[in-house]
Amino acid sequence: MTGKIRRRVAVVGAGMSMFVRRALETGRELSYYAAHQALESAGVRLADIGAVTMATAPDAFDGVHMKGEWLLDGAGGARKPYLRAYVGGGSGVFSIISGWTMVASGLFDLVLVVAEEKMSSCQPHPQGAFLTIFDHTIERPLGPNLLWIFSLEQQRYMQTYGIRNEDIALVSVKNKRNALDHPAAQVAANLTVADVLASDVVAWPVHRLMVSPISDGAAAIVLASETVARRLTDHPVWVQGVGWALDTSYWGNRDLSYPRYVEVAARMAYEMAGVTEPRKQIHLAEPYDPFAYKELHHLEGLQLADKGKAPEDLAAGRFDRTGELPVCPSGGLMGVGNPIAAAGLMKLCELFWQLRGEAGARQVAGNPERGVAQAWGDLMQIGTVAVLGVH
Amino acid sequence: MARGTPRVIDAPPRGLLRGRGLRDEEFRRKVSVTPWAPALEYGWDAGLAIGRFLDGLQDGRIFGVRCRQCGRIVTPPRAFCELDFKPMDEWVELSDTGTVNTFSICYVTWDMKPLKRPQIPAVIEIDGTSPRVGFLHLLGGVPGRTVEAIRAEISVGMPVRAVWKKPRDRTGAITDILHFAPSGRRR
Amino acid sequence: MNPDLHAGGARVWRGTMPVEFLYTAGAAGERFFDTLRRRDVFAVTRCEACNLTYLPPRLYCERCFDDLSATWHEVPPVGRVHTFTVVRIDGTGRPLQIPEIVAYVRIDGTDGGMVGRLLQVAPDDVSIDMPVRAVLAPRRKRRGIIADLLGFARRR
């Protein structure tokens, strides 16, 4: 059960940097690009901002110890109440939850939420930093890499429900195509399922084109209390519900075919948002898609598809931008890119633009009124969810 | 508080977005780049439960623990049940056989260099543990290198048996089990 | 990674985090180092509204968040010792043959400064607010990184 929400909280501005493989800019400069654009779009100055919350993944990716503090000035946090919100790969969506608590509690009227990642600094591959996520005594001696856990989970998902790799490759096709309309996109492409399956097998059943790229980038939003939001804009987008849940790092001790922690997080957010029939009441979704199958897995956890049935819905066009429930109309991590925390917040930027009818070529039809964004992370153990809507 | 009239900016068109992507050549040779190679070395304590588990592996035995509250039997062992928050101090010896929960066929190293002979990581559920209690290890003893050849030999739900290092080569490590191999036993 | 035993038989695992880094100087840093490579000056940015001159230069004002990417100036590489310390051991704790003097130098005409070694001066001769100038590597040897700034020397 969740407590009563004290005050309503609205998103009133959003901004991003380009998502690129290797940025010239430092992480602070990328943060500034996104944060500055979010403030501009909200029509507020940094001086108006009461507090800043920053999401960014492990220090070892950027190679800056305590990088929350290092990034602070680029995020507008100088001489302000400032906080790094961190729950692994789920941090991007968690950042809005962190900011939401600051506004809903009555502590602040305007909070700037920023997310950044600069993974290109890490050589020879950011996986070097990720390796230490595996248990040092009973997993690392086996020589694991990041791809293992994804391919193991995908295989179990496929086996449990009889899903074919063709069905999963379609996520890459859809998202990379959607990303052709996203101005920040790093890996947009017009591909076919055959192209995806013709790409190298990196860790069967995962092919190279089913994996999101390594990225540098930043995203930001501005949150406001109801009174301030109404003063700033005629089109606030409300944070209707938030939820998060974490499971243990004993990832081998759970049913890999279904992300229960995502369900727990979603149910918390839906209850707060008054969503009782998610499939009817949610009009677009931005689930986390660092690997192609994860989008389907997460749609099931989010209660937006039956267990094992998301691939059928996808094949039937239900999740196309023109479909009944557009999924990752932004292009997602598979198309726009995956600067980890920034990718999660990018999804909330997309909901903001979509719900205001400002998404341009990416705009989904039918004046959507409510959307859900979700992020996920670490040893298949984190679910963070936010429901945004126009009412 | 607002500076001028609040503006409604459309989702940023490309011209408004900043961030300059560098080609690999530019990144490595053209712009100012400072290298750093930290020497990060750690000594991680195995801890009480895993320490005893490793002692068992050195003897060619797989130990698990049972939760006095929920009755779950898990391996690798842990000092407390994360669900009940009760000590898990009832030790049980398990067999060295189990079932493949899931597996993968990995053709790259962590730094994305190609592997000639793929690794076959798997989640193994050791016989005698509670349902859905598996751990990471490798499958081996399987001929072939292609996805097709390996999949012809290995499947989810298949029974497997630990293949151990020779006793004198064991060090009390997870790698004292070289890999798990198909046991040929029918389920 | 190798297993090891503590006294008393407790097992410990040794391992590394295999990471190396290549840091870009960034959009502002690129201009700073490019300028320093060609000429003996520091490139700085300035926020008129806040009356702040940033060194190291920044693309933005941290106070008002104005974009400073079109506010570049150059200042001579001279300033005063704001504070200093005499370092007698290296990073691993071994004694240094010759102690090093590390100073934070405020650069004239800016609100910032640089950390650098004080060169050609004995510890007893250093004082707070001592005027110094940057000692730069010979121009043809500059690489566009902070090592181009060898340190600071007393200015008379």
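**Loops, burial and pairing between chains A and B**

Analyst: In chain B, the loop that separates strand S4 (73-74) from strand S5 (90-94) holds B:Pro76, strands being DSSP runs (E) of at least two residues and helices runs (H or I) of at least four, numbered from the N terminus. This is a predicted model, in which local features need pLDDT of at least 70 and side-chain atom pairs count only at pLDDT 80 or more, whereas totals for chains, interfaces and linings use all residues. Residues are numbered from 1 along each chain as its sequence is written, while chains are lettered from A and ligands numbered from 1 in the order in which they are written.

User: What makes the peptide bond from B:Thr75 to B:Pro76 cis?

Analyst: Its omega is near 0°. Chain A has a cis bond as well, joining A:Trp204 and A:Pro205 with omega about 10°, and A:Pro205 is found in the loop between S6 and strand S7 (206-207) of chain A.

User: Why is A:Cys328 called buried?

Analyst: A residue is buried if 20 or more other C-beta atoms, placed from the backbone, lie within 10 Å of its own, exposed if 12 or fewer, and partly exposed in between. A:Cys328 has 28 such neighbours inside 10 Å, and therefore counts as buried. A:Gln303, with 19 within 10 Å, is therefore partly exposed.

User: How do you know that S6(A) pairs with strand S7 (residues 105-108) of chain B?

Analyst: Pairing requires that DSSP find at least two bridges between the strands. Two bridges join S6(A) to S7(B), so these antiparallel strands pair. In S7(B), B:Ile105 is the bridge partner of A:Trp204.
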